[in-house]
Amino acid sequence: ATGPVFKGWDQIDRGPMPSGDLRTMALDGRNDLEPSAIALVPQIADVIAALQASGAWLARMSGSGATCFALYDSPEARDAAADALPPDWWRLAGKLR
């Protein structure tokens with residue numbers, strides 16, 4: 001649930017998000033709710049680790065933890081990674097415009 005994740009947030013202002021091209025912003029960005037969400041649901045860290053190990057150039061938690069995502073350099077890499085994930089995990093492959 002979102003409420004407990006925000007309640008667990010350390011409320012530290014880490015400054016503005018980075019600027020630059022999309023890849024730089026994504027790699028240098030962050031989700032300040034991630035530690036709180038992982039403390040409540042440790043499996044989030046397992047999902048992020050699996051996505052990172054799948055060849056993604058970026059794997060993160062979205063929002064307050066309902067979704068994790070990964071970005072790949074090609075549709076082929078994305079599809080291979082999706083096929084290698086546990087079959088009971090929900091997944092949706094898409095393309096950023």
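# Exercises on a predicted model

Among contacts (heavy atoms within 4.5 Å) in the protein between residues at least 6 apart in sequence, 41% join residues at least 24 apart. The model is predicted: local features need pLDDT of at least 70, side-chain atom pairs count only at pLDDT 80 or more, and totals for chains, interfaces and linings use all residues. Residues are numbered from 1 along each chain as its sequence is written, and side-chain values use heavy atoms, with hydrogens and water left out.

## Exercise 1: the elements

Task: State how many helices and strands the protein has, and in which order they run.

Solution.
- Step 1. Helices (H or I, at least four residues) and strands (E, at least two) are DSSP runs, numbered from the N terminus.
- Step 2. The protein has five helices and two strands.
- Step 3. Read from the N terminus, the order is α-α-α-α-β-β-α.

## Exercise 2: the two strands

Task: Describe how β1 and β2 pair, and explain why β1 is called largely enclosed.

Solution.
- Step 1. Two strands pair if DSSP finds at least two bridges between them. β1 (58–62) and β2 (67–71) are antiparallel, with five bridges.
- Step 2. In this pairing, S62 stands opposite T67 of β2.
- Step 3. The two strands form a hairpin with four residues between them, and G63 in the turn has a positive phi of about 55°.
- Step 4. Buried means under 20% relative accessible area, exposed over 50%, and partly exposed in between (1.4 Å probe, protein chains only). Four of the five residues of β1 are buried, so the rest of the structure largely encloses this strand.

## Exercise 3: P4 and Q11

Task: Decide whether P4 is buried, partly exposed or exposed, and do likewise for Q11.

Solution.
- Step 1. P4 lies in helix α1 (residues 2–8). Its relative accessibility is 43%, so P4 counts as partly exposed.
- Step 2. Leaving aside neighbours within four places in sequence, P4 is in contact with S36 and L40.
- Step 3. P4 and S64 are 60 residues apart in sequence, yet 9.5 Å apart in space, C-alpha to C-alpha.
- Step 4. Q11 lies in the loop between α1 and α2. Its relative accessibility is 59%, so Q11 counts as exposed.
- Step 5. Q11 is a residue other than glycine with a positive phi, near 60°. Most residues other than glycine have a negative phi.

## Exercise 4: the nonpolar core

Task: Find which element gives the largest share of the largest nonpolar core.

Solution.
- Step 1. A nonpolar core is a set of buried Ala, Val, Leu, Ile, Met, Phe, Trp, Tyr and Cys residues joined through side-chain atoms within 4.5 Å.
- Step 2. The largest core has 12 residues, among them V5, L33, I48, M61 and A81.
- Step 3. The elements giving two or more residues to this core are α4 and β1. The largest share, three residues, comes from α4.
- Step 4. Not counting residues up to four places away in sequence, A81 touches S54 and Y72.
- Step 5. In soluble globular proteins, nonpolar side chains tend to be buried together.
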